[in-house]
Amino acid sequence: MPRNRSLCLLFGLLSSFTLGCGDPPPPLAVAHVEGQPAADGGSVAPSKASAVDEAALDKSISPCGDFYAFACGGWKQANPIPAEEAAFYRSFHGIRNRNEIVLHQLLEEFAAGKRTDEPFATELGAFYASCLDEGRIETDGLKPLEPIFTVIDAVSDKKTLTAALAQLAANGLSLPFDFSSSQDFKDTTRVIAEIDQSGLGLPDREYYFPKESGKAPVATKEKAAKERAQESPARTIADQYRAHVGKMFELTGLSAKSASSSANVVFAFERELAGASMKKEELREPEKLYHLMDKAGVESALSNLSVTEYLKAIGAGDALAFNVAQLAFIKKVNTLANGDFARWRTYLKWQVLHKLASRLPAAFVLENFKLAQILQGAKALPDRWKRCVRSTDGAMGEALGHAFVKATLGEKGKEDVQSLIAAIEHEMNISLTKLPWMDDATRSAALTKLVAIDNKVAHPEVWRPYTGIGITKGSYATNTLAANKFEFARQIMKIGKPVDRKEWLMSPPTVNAYYEPLKNEMVFPAGILQPPFYDMGRTSAGNFGSIGMVMGHELTHGFDDEGNQFDAKGNLRNWWSASVKKEFETRAACLQKQYDSYEVAKDVHVNGKLTLGENIADLGGLKLAYLAMKTQLEKEQPLVEGRSPYSPQQEFFIAFAQGWCANERDEFLRQQVATNPHSPARFRVNGPASHFKPFAEAFSCKDGDAMVPKDRCDIW
Ligand SMILES: [Zn+2]
């Protein structure tokens, strides 16, 4: 999968520094037993709990004025952001905290050798233990990186630069472009080599041009100018980044002066890469990311490197077809590769330090965390064990996931989830069949695509083997490089082979979900199939409002502004008639305009174009889930009547909104709006709810209320 093509996630915020920690968790409660037998041997009606979290509400606010504040105000008040978090979501972080406690216990047992019944328990335990062994990490210092630094130090011409880039790539440190494998966009039955832009230390190209866009990349020009004038000396994120790079070099033993000049070299080098990088909005346009070529084509594009040597060294010597996703970027790399090798040595060394900082002694970890603080605002590092659980999941996620799934989700839970997905797909089928702005040819293609969607629930059918990964009871950094090498080789080995349709791109404990357009599949890991998203013991209204909306969201990604460019087989191919496509675009533009108007902070607005696909998915998801709930209620109405002060419709919308309750730091919001295709939580609730008429009906909202826009946008 090309890293720069956005995978259609549910949620895109959980970087390694934004993971959760909070109060002691309730027990995992997925596989609830329904309809317990009564004491007299008869049976009672299934007792379904309401999904409404009363304590999370703020009843002083009208749901028609600000539904998010009504549904989440109480929770927001009672849940200040933990020091280690940049943002704290009621659902995502709450579940992740619980999952991590399960994972923690498993890994402690594996590390102590108490359990060997799970596949790769020894390697998991060894990786985790090496992360916890801070004494050894301090003693080792930078020694584990010496073999890599030696190759970088030798860079002095085309041949040695090629050798260094190949060795870095093989260690999972592909620079400055990302070399991997991907399905061919236009023939998804085959896997080809893929070259993508990469190589920046800051989150996005815009950060390198603060004069154009101000302290926060999303601030208006006026605001940026004002901020620059007020701050003396101006400390843009770019400036702070440069200082951070210098500090990291100092930690390697360079003098302050030399470190500072190295930092300038790095910044200038990355700025050139940034200038040639494709903008994030364009990365959502798959046609712009498709440039199929043969080896001769790549050789000509990267004429200042030895492509044949590079491919041979990384084990891709036999690759015949390549997608060079961003041509301008590769052209820039080629220009940079023509001389000044001292720059390359400095840049590559920095990037290695940057990418592996969390695996190094405490001084590097703390300095690295300072950058995360600048970007996202967290106040403290998470506990060591949490960082180690997360890095083990990153290194061997499917091995850890195997043990996790056994400890949490039962088969019964999985079946129930599959039936919910079927209900959502059924509603999409009805909607597509009736959609007035569609013509028959496009409708038929859309229905074909819908029927072809593959659903994956809880965990992979075939677990990925980690045989030969080479994890030992040794150095943490060395183990990380071993895991990196293993994963890189796995990606390269796919080139030229048939597509593995059973492969998962997320580990089972992950609290997230995705739609993959190239495979036309939806994936819901076990990690997310838990309260408050999902609970078998809860009302249909509650489950459809939360996990049902998530399912509808992923399904709609197959038909959003990006996903709709891929057909039933995942091929990038237009299946729309021109007039229907035009109608879709008009409807999408309505939503884009709406989100452009949402203000996150003073003068900082949501980027309607960047977030369009996610917003279409949110609105479509809410609608499909609501319709599925309605269908379900017709079957079970007597069971839910009179059980709650809320109608099922109200419960549905509150459960939906409470899935997104969050507190966020300013820095986090600014980074989110600047780089993330998902809108901030508040707008993920108020946007779709206000544009979906049944919401206003459920809460008797009137024209003129803030949650009742004059013109509603409607797509799917
Ligand atoms: Zn999404």
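**Exercises on helix packing and the nonpolar core**

In this predicted model, helix H10 (residues 256-275) packs with helix H14 (residues 341-356) at an angle of about 90°, their axes lying 9 Å apart.

**Exercise 1.** Classify the packing of H10 and H14 as roughly parallel, roughly antiparallel, roughly perpendicular or oblique, then describe the residues in the contact.

*Solution.* Step 1. Angles of 65 to 115 degrees count as roughly perpendicular. Therefore H10 is roughly perpendicular to H14.

Step 2. On the H10 side, the contact involves Ser 262, Val 265, Val 266 and Phe 269. These meet Arg 343, Thr 346, Tyr 347 and Trp 350 of H14.

Step 3. Sorted by type, the residues of this contact are five nonpolar, two polar and one charged.

**Exercise 2.** State which residues touch the most other members of the largest nonpolar core, and where the core's residues come from.

*Solution.* Step 1. The largest nonpolar core has 194 residues, and those touching the most other members are Ala 71, Leu 124, Tyr 128, Met 396, Ile 424, Ala 625 and Ala 657.

Step 2. Helix H22 (residues 612-640) supplies the largest share of this core, eleven residues.

Step 3. Domain 1 (1-12 + 55-80 + 415-464 + 503-716) and domain 2 (141-383) each contribute at least three residues to this core.

**Exercise 3.** List the contacts of Ala 71, leaving out residues up to four places away in sequence, and give the protein-wide figures for burial and contacts.

*Solution.* Step 1. Ala 71 touches Ala 56, Leu 57, Ile 654, Ala 657, Gln 658, Cys 661 and Val 685.

Step 2. Of the protein's 716 residues, 51% count as buried.

Step 3. Among contacts between residues at least 6 apart in sequence, 77% join residues at least 24 apart.

Key. Residues numbered from 1 in each chain as written. Predicted model: local features only at pLDDT ≥ 70, side-chain atom pairs only at ≥ 80, totals over all residues. Core = buried A, V, L, I, M, F, W, Y, C linked by C-beta atoms within 7 Å. Buried ≥ 20, exposed ≤ 12 C-beta atoms within 10 Å, placed from the backbone. Helix = DSSP H or I, 4+ residues; strand = E, 2+ residues; numbered from the N terminus. Domains from an automatic or database assignment. Contact = placed C-beta atoms within 7 Å. Axes fitted to C-alpha atoms, helices over the stretch in contact; angles between N-to-C directions. Parallel < 35°, antiparallel > 145°, perpendicular 65-115°, else oblique. Nonpolar A, V, L, I, M, F, W, Y, C, P; charged D, E, K, R; others polar.
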